[in-house]
Structures are given as C-alpha cells and as structure tokens.
Amino acid sequence: MIDVDVLVIGGGPAGLAAAIAAKDEGARVMLIEREARTGGILKQCIHDGFGLVRFREQLTGPEYAERFIKDFEDRDIESRTLCFVSRIEKQDRGLLLTVVSRKGVDKIRTESLILATGCRERTARQVFIHGTRPAGIFTAGAAQHYINILGQQPARRAVILGSGDIGLIMARRLTLEGAEVLGVYEAKPAPSGLSRNIQQCLKDFDIPLYLSSTVTRVFGEDRLKAVEICDVDNDMRPLEGSEKVVECDTLILSVGLIPENELARTLDITLDPRTGGPVCDGNLMTSVEGVFCCGNALHVNDLVDYVSESGECAGRSAAAYCRRESSDPSKAATVELHPGEGLHYLVPQHLDPEQGRSILYFRSSRVFGECSFVVKAGEREILRKKYPFLRPPEMERLEIDFGGYSVKPGSSVSFEVEEL
Amino acid sequence: MDRLNKIRKKIGALSPDIRVTRERGCIVLRGEVDDWSIAVKAGHAAVDKKHSLGVINDIRLKGFEQKTSLPALQDRALDGRRVDVLIIGAGITGCAAARELSAFNLSTLVVDKMSDVAGAASGANGGVVHVGINFSRKSQKHYYNIRGNRMYRELSRQLDVPFEQKGQTMLCSRNWERIPVALLKLNARILGIPGVRYLKRSELLDHEPHLPDFTIGGMHMPTGGITNPHEMTAAMAENAASNGTEISLNTAVLEMELDPDSSKESGNTHIRSVLTNRGRIYPRLVINAAGVYADTIAQMAGDRTFTIHPRRGTNIITDKRAGYQVKSSMGKSPFSILPYQQKDRPRGLAGRMKFFINTLAGSSHTKGVGLIHSLHGNMLVGPNAVETPDREDRATRADEVESIIRMQQHIAEDLKFSDVIAYFTGVRASTYEEDFAVRRGIFTDNILQAAGIQSPGVTAAPAIAVDLRDWAIEYLEKEIKVDRNPAFSPIRKAVPRTAEMSDEERDALIRSNPDYGEIVCRCEEISRGEIIDALNSPLCVPTVDGIKKRLRPGMGRCQGGFCGPLVMKIIAEHQGTAPDAVRKGSYASVICYGGTKGGRL
Ligand SMILES: Cc1cc2nc3c(=O)[nH]c(=O)nc-3n(C[C@H](O)[C@H](O)[C@H](O)COP(=O)(O)OP(=O)(O)OC[C@H]3O[C@@H](n4cnc5c(N)ncnc54)[C@H](O)[C@@H]3O)c2cc1C
Ligand SMILES: Cc1cc2nc3c(=O)[nH]c(=O)nc-3n(C[C@H](O)[C@H](O)[C@H](O)COP(=O)(O)OP(=O)(O)OC[C@H]3O[C@@H](n4cnc5c(N)ncnc54)[C@H](O)[C@@H]3O)c2cc1C
C-alpha cells in the first residue's frame, strides 16, 4: 500500500501544475496518468498560441507542457503513467484508491485528492445527427490524434461542424495536410472560437464559415458520402425546407466539451449543471472534504494558462488541507456566488470572504457589446467593472478581495452583466 | 363466395391496380402503388393460412428501387468449394444452426455479406429473451419462443455469455385493464408459460423499484430475460468455428444454379451451385437464414412461398447513469391508454373489443416493451415499429428518436434527452402471415428455410437451430453417413472482463500478462489484453467495429473519441498491417487514407 498526502489524477497541464505546487508546499505528492506520457491533450496540440498570458510567448502545446514536465521532473515527484484509477472509496480519514497498471492492481491511500482528469468531446449522437453509421465521422480531438500522433490522414473532403477552437484549428490542420475543407458550419449566430483563430485558421485559408446552420443527417454505407445541412432558427431547431446535401467524405465534430467527472460522480460530489464540473469553494475544494478539482475537469477552459493557474491553486490548497489543525476552517463560513442575468457560469460557486484575494472565472451567456459587470451583496452594489465586450467563448478572469466589502458568511453575492 | 374472389374484393377496395392470382398454392399479388402502406395492407389482406402456402407480394412502390449493399471484395477464395451444408446468413439464426451442426462430422460453411456476424437484425435489437405471452398457440413463434426461452440459461452458461432472468413486467394504469390482463394470464396457462401473476403496485415495486406514477399494478412474468444479442451471436459463431465450421464474411450470395432436370424427375427442384462474390460453391444442402433477404434467397432456390415486408425499429441507449430506472424490462400493458394517448383511443364498445381482440391475438407488432435494462447497465429505450419498403433502412431519424423518447418519458419519468448516448435502427424480417416460416423445402429438396424471423427471433433462434439440425441430418443421411464430431465441445470461453474481476483475480491476471493492466477504453475500462484476446479468438474480426461490438470500447459515453485511434493502432500491430489498412467495419469503410505529408511512424 502506497501512502501519500496529495494524490493527483491526470497528468495534463492542470495535474502537473497541481503536483508541482503541492510539492513546493512540502506535501508528499503522487501523480497518476492513464496514458503513456504526461502532457494531457497538449501532446496533440502542435499548433502555437499556448502560454501567451503566462510566459508572454507563443508556444506550441507540447512546448508549453514540456516546461511543466521539466519542473515536475526536477522535483522528483513520484508518478505513474499507463496507470488507471479504477475506484475511489472514502475512508474515515482520507481516501483509498484502486489503480490498475501493467504492474497489477495497487491500493493508494491519500489524505487529499486532486481531480485533474480533463474533459471529453460531445459526439454525433449526442447532438442528434441521424442517418447511417459510415466511417469518416470523427470528433475533432480524434482527428487530431490520427494526424498529429499517428501520422495518418483521415480526410480528403471535409465538413466541420462547430466553430469552437478545436474545429477551427482542425480546419487549418486538415488543409495543411492536403485535404479540402468545404466549410465550417455553426448552429449559433456567432462563431464560438477565439477571434484570432477565426482569422488565422479560416480567413487566412479562405475556408468559409456558415452561421446559423447545422448538420442534421449523414449518408453513406461504407465511408461517408454526404451530409445534409440545414439552416436553424433562434432556438437552434432545423428549419424545414432548408435542407441541402453537401458531398464530402469526412465530418469533423467540434460540438462542445464536457468535463470528465465520472470519478467525481462515484464520490457523490455535487456537480454544477452550468459548468458540468464540481461545485467548488475558493480553494477549489469540492463538496467532498479533501477532494479538489482543477483544469478542464472543473470547467472547460479556452486558455491553458488558466488551466495551470487553477492547478496551482488546487495543489496549494490540497497541501494546506493536509497541514490543517483538527478543526476544519474551510467548511466554516462561505458566501454563495450567484451567476445572474447575462452570466453563463461562475467558478468558484462559493467562497470564504476572509480568504483574501480570490480568482473568479466566468463566461457571459451571450454576446455583449460595451457592458458593465456588476457585483451585488443583496441589493448593495459592491463592485462595477466595465468591459468593451463579453463573448461566451472567451472566458474571463477576475481577481476580487471580498474582505473589504463586509459580506457576511452565509449570505450570497450575485453577479450580473448590464448592457451599456 | 370463392376464397380467391373474397381476397380480390378486399384488395380491390385498397387499389384497383393490384392483380391477385393463385400460383403453386400461394396467393400472388402484382402491380404498382404509390403508397407503400397500400402494398402492406394488401399483403396482409391476402393471408389465408388454412388454404394457401403463403403470400407472394410482388407489388412495387412507384419510384422505389431496392439498393442492396454488397461487399466490395472480389476474389475466388471459395470457388469450386464443395460443402455438406451452406448456411446463408450469419445472424443469430444462422450461427445457432452452425453451432448445432458443428456437433456432427460435416463440412459446414456460413456466408454473410456483411463484415461481421450479427451485422443486421441480430446486432440491432433489444436483447429481450421474451416470455411470449401474446402469441397464438398454433404459431411457430410460440412453438420456438417457449423452447428457446427454456434453452437460454444453459446455452448462456456453455457459451459464457451474460444472461439475466429477472422477469418481464407489463404495467397497468386502470382497474378495468385487469380484465384483459386476466385473459392474457389464461393464455399463458394454455401456452404453458409458468409463474405469470398480477401484482399490486406495492408488490411490483420489489421487481421494478422505479414504477411510473400511473401504475396501479401489473403483470409480472418471471421467465423473461435479457441477453446481449451481438455477443450471443458471436459466441455461437466462435464455438462453431472452434468445432470446425468455416465462416466467410464479406461474402454475398448472388445467384443459384438449379439442376435443369431435377424438377422433371421428382417434381422437386435441386440446387446445384451457389454463386458468391468469392466464387461458386457446391453445397449438398442450403440453409436459408438470410433475414430480410430470405424471400429473395428462397426465390433463387425456386422455393418461395412467402414475402418479407421490412419493419424498422429504433432503440435508444442511455448513459449508465440513467440505467437505474429499469431493472429488467418493462412496458405499459398493450391495453392501457395513458392520458396523452386519450385522443387516439379506440371509440365505442365495438372499437374497444376489436382493439382487445387484436392485442390478444398477438397481431400488435411491438411486445409492449419500452424500457430494457442492458447487461452493461445502460437503459435501452424503444423500439418502435415502422413499415418500410427498404430492406436496409437502418438510418436513424430525428423525429422517430424524439417521439420514442417522449413516449417512454411517461414510463421512465426521469429520462432526459441529455442521457442519450446512442441510438440504432434494425429491420425486422416480417412475413405477411406475421409468423416464422421455418420449414423443409417444399418445391426444392435441398434447402431448409428459416425465414420470417422477426421478433422474438433472438429468443427463438436456439430452438429453431435444433429443428434445422435434425432436418439437415435427416436429409444428408440419404446421401452420406453422418457421424458425431468426436472433437466437439459445446463450451466457449469469453474474453476475460478484467473490470468485473475481484482485485486479487485481476492482479494475478495482470502479473501473468501485463497487457491486461493497460486500459485502452476509459469509459468501459477495457484493457489492451482484452482487445488482443478478441483478435486471437476463433472468429477474428479485425476491424474497429468488430472489436467494439465484442468488447465495447467505443460504446461508452465518448463513443470512441478517445480509444478509436488506439484500437486502430493495436489492430494494425496485431495484424501486421499499416494503420490505414484497418477498416471501421465493411471492406470499403476506410478510416485513414494513408500517412500525412511528413509523418511516418
Ligand atoms: C484541440 C485543442 C486546442 C486547444 N488550443 C489551445 C490554444 O491554442 N491555446 C490555449 O491556451 N489552450 C488551448 N486549448 C486548451 C488547453 O489545452 C486545455 O484546456 C488543457 O490542455 C486542459 O488541461 P487539463 O490538464 O485540464 O486536461 P487534459 O490536458 O485533458 O489532461 C487530463 C489528463 O488526465 C488523464 N486522465 C483522465 N482520466 C484519468 C483517470 N481515470 N486515471 C488517470 N488519468 C486520467 C488523461 O489521460 C489526461 O492526460 C486547446 C485544447 C484542445 C483540446
Ligand atoms: C428493433 C428490433 C428489436 C428487436 N427486439 C427483439 C427482442 O428484444 N427479443 C427478441 O427475441 N427478438 C427481437 N428482435 C428480433 C430479432 O432481432 C431477429 O428476429 C433476429 O435477430 C433475426 O436473426 P436472423 O439471424 O434470422 O436474421 P439477421 O440477423 O437479419 O441475419 C441475416 C443475415 O443474412 C445476411 N444476408 C442476407 N442476404 C444475404 C446474401 N444474399 N448473401 C449473404 N448473406 C446475406 C445478412 O447480411 C444478415 O447478416 C428485434 C428486432 C428488431 C429489428
């Protein structure tokens, strides 16, 4: 039996940062990764654009990951790759994990746990695409794996559904590999990806973007032969009579990511339906004591820099949790953070007003032009911040210290966006 | 009035363009219509079980032409092959028959046009091992269903396929429904089905803890069970293969050559050879288990007395999270009319009586099942039943999926659209007699028919196979001596399911072979070792779908997003081929077109 203070599940940027931070705080740390190498999804993101916020440099995914992997290795943190967490049980104190690897089945006891398991992609059936089931329908991440990891070309004439960043990046990648990308189709009236990706991945390559339209059906018995495209109304329902058939051999789906929280579910951790991740406090502790969450498992990030930041927060908090006195201050006194009008979600969902500087991550629920972000304790306005615009695809980060605003524990603070 | 004229009159009222004749003991319909439902109604109107052999409905739908998918493979691998038995179709019926025959010293060849066994109806159904309460006593459905149901437990044990027998539940919403339900109970007694009882809501909760609010009670039928139909079919095929049966996939029967003199001599036609895309085969005996194409095959053999009218059905799979809502299988009683159905309820006494009688006579085509607990812990919702002219109409449709969910939300009250992880459509091979047509050849001496195997074919297949085996041996013994196969073993071992083992067992297995410790599919927790075992099985189907169907990587919530590329790589390594040679399923289902510009592994 292995015994540690902090066990990190997932060796992507979130898990690496968490392990490093916890180790620097003096905890006995171990990291578990299911794949053969750490780095998470970054291993296959060979495009650049990573690390602008943190390093003020344009790094590729593997380069960004490499910096953390080096820090991780320098600290001699214990890790296991090709190791899968099969089960977690709560104990009187701490948790007991059952892990499976090529060595066998092992038990690990840990005082605290950090979930950094990343996210998974929504699939064709989940977005209710109908028809036959030929080869040639891939999620963007799978297509990226074929090209960037296996060195295999999965497409010749491709249609991309979804204008999220991954879809945009794949449009460019496929084009560079000699495929013809017929267009990116997006059900919403505005693109979901970062503006710079629209420019660099589509406009620079003359790839058309079709808004308010979607794929409703696929054709072909062996390999995909065509897709049916439909215009959609404001509720994203296909408009009858607008069907059009586009011949192609590949459909790439970039229709959203979902935090991977199967392990959290087995621990009965409360999940936030808005984020799909656990409900957390300002230390990124979930509803189950001693269990923390960070990165894309907490909520889907668009910039890896914030993923690392949340990992560091979870790592420090977990180490602090292990050093705690017998009384448990974290559960003591929190205020609810309530996302109101104009907000899609807000992380964390509650926090201790006395903890000092807190970092909030949020997304607006729709596109706003010039607007104010308003924070209220009851009816009392405590903060107002101006934004030139807010767009749901672009997550915002805000630092607030609630200490000065005399908000009472047990009360709630609400957040709203006001159009100017 | 003469029987034929009676039928003509009924059909004439449907459409003036249909000609009705009587040929070789069958009622034959010809003509062209522009509404498929007329063709189906005419077929049903032509049924006269007492006085005719069956309905041959050749009515065409204007503008429709059947597109039959054929394997892209062309070679001569089977050319000139002589076999004792040729089985056409590797669905559950064909594979069950192959397994039964593999107990004898015969050369048996199974061909199927698809790239895997259970590629058609046998891989696209709910897997309910039916009780069979609403069949008529004289039907073949009843005869084979009750026998098949009794065989399932032992069969599942021998083939190491999971089987659960926790009963089937029919829910009642009103007190008066107990009257027709009592009649069904009586029918059960007549049919010899044990244990059927009406239970009050409070008692029923022991069997199904998540009953919808409207339920006042229901009928519990303990012999109902659940199998995994794809696994069962594959297990039968593997067992047959390890006992010496040859299974040739991607092999379509295209034509038959009939003996020119045979029919004159004995009044019986004789099949001389069977042409496929892989060459010409010379069988002593042919077993037709071709599902929706069984009438086409029977026609080639000169032994057609029936017509398949395809009936599509869609099932929906939910995430395991939603699986708690059903423990075995349940649906509302066919009599109960839920509040939302009030507007289509049968009117008046006569209307209601007719509805009851039809329901009791088993002519309603779904078995009242709505929710099925899959053996993997997901919930299956459906199926519906829609007539279609297209025998390969396996595409799913948005409106149908939506209406199935909305309808079943009355029974699974917590069911949400977001719980859906997949859906699939299968086509039932129904005859107009709405019964199986399992028989020896009538006009052709060396064919056995296993046709019209619609629901409950999964349940019935093992019993159908026993008759096919006996008839085959009876026929072959006229020509050759048939001995038992001394090497026959009825036992097949499944690939170990490491995730279901105890920690000690799993640890020991991994220590003996570390591949069992490397998890490839994270949703279903499947290891590299299990994938390699499946590739080493007696019936190796080295495609991504072949592996997925056997082990379930790619069947979980990510639907293969993570593991698809990994599985492809493992298959390529195992088979010693390039990754782009690995197919999704069929011979032409290319996944990757070759290496990227610079990249070479
Ligand atoms: C295609 C794509 C393009 C992107 N482009 C950009 C960009 O241009 N710029 C930018 O800043 N950001 C970008 N991002 C976002 C950023 O890369 C991600 O947000 C970040 O990688 C998420 O990190 P993570 O550690 O939370 O998750 P991941 O990187 O997904 O890591 C999670 C790890 O956990 C492991 N794991 C999961 N379950 C288990 C278990 N049960 N046991 C053991 N291990 C487990 C997984 O194997 C994985 O290695 C992009 C993301 C994608 C997918
Ligand atoms: C939606 C649905 C739900 C169902 N639910 C249940 C249930 O819960 N319980 C139950 O007991 N039954 C159920 N059934 C019925 C059951 O699935 C079928 O009765 C059974 O699978 C039929 O098996 P089969 O082997 O006869 O036919 P199939 O599985 O259809 O096999 C026929 C095979 O013949 C092959 N073939 C056809 N033509 C040729 C040719 N020319 N050359 C070579 N090969 C050919 C096909 O490729 C196919 O693989 C359901 C059916 C459907 C559609």
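Q: How many residues surround ligand 1?
A: This is a predicted model, where local features need pLDDT of at least 70, side-chain atom pairs count only at pLDDT 80 or more, and totals for chains, interfaces and linings use all residues; side-chain values use heavy atoms, leaving out hydrogens and water. Residues are numbered from 1 along each chain as its sequence is written, while chains are lettered from A and ligands numbered from 1 in the order in which they are written. A residue is near the ligand if one of its heavy atoms lies within 4 Å of it. The closest here are A:A14, A:E33, A:I41, A:N296 and A:V304, and the number of residues surrounding ligand 1 is 36.

Q: Which chains does ligand 1 lie between, and which domains of chain A?
A: At the chain level, the ligand lies between chains A and B. Within chain A (domain bounds come from an automatic or database domain assignment), two domains give residues to the shell, so ligand 1 lies between domain 1 (1–121 + 257–331) and domain 2 (123–255).

Q: Which side chain has an N or O atom 2.6 Å from an oxygen atom of ligand 1?
A: Polar contacts here are pairs of N or O atoms within 3.5 Å; within protein, one must be able to donate a hydrogen and the other to accept it, and residues adjacent in sequence count only if both atoms are side-chain atoms. Two backbones supply an N or O atom to ligand oxygens: A:P13 at 3.2 Å and A:A14 at 2.9 Å. The side chain at 2.6 Å is that of A:E33.

Q: What share of ligand 1 does the protein bury?
A: Accessible areas come from the Shrake-Rupley method with a 1.4 Å probe; for residues, only the protein chains shown count as cover. Taken alone, ligand 1 exposes 1,000 Å², and the share the protein buries is 94%.

Q: How many residues of the shell around ligand 2 are charged?
A: Ala, Val, Leu, Ile, Met, Phe, Trp, Tyr, Cys and Pro count as nonpolar, Asp, Glu, Lys and Arg as charged, and the others, Gly among them, as polar. The shell around ligand 1 has 17 nonpolar, twelve polar and seven charged residues. Around ligand 2 there are 18 nonpolar and 16 polar residues, and the charged ones number three.

Q: Which residue offers a side-chain N or O atom 2.8 Å from an oxygen atom of ligand 2?
A: The shell of ligand 2 has 37 residues, with B:T93 and B:D112 among the closest. B:H130 puts a side-chain N or O atom 3.4 Å from a ligand nitrogen, and a backbone N or O atom of B:Q454 sits 3.0 Å from a ligand oxygen. The side chain at 2.8 Å belongs to B:T459.

Q: How much area do domains 2 and 3 of chain A bury between them?
A: Their centres, taken over C-alpha atoms, are 35 Å apart. Contact (heavy atoms within 4.5 Å) takes six residues from domain 2 and four from domain 3. Buried area is the accessible area (1.4 Å probe) that two parts lose on being put together, summed over both. With 46% of it on carbon and sulfur atoms, the total is about 320 Å².

Q: Which residue does a cis peptide bond join to A:V347?
A: Most peptide bonds are trans. The cis one here has omega of about -5 degrees, and the partner of A:V347 is A:P348.
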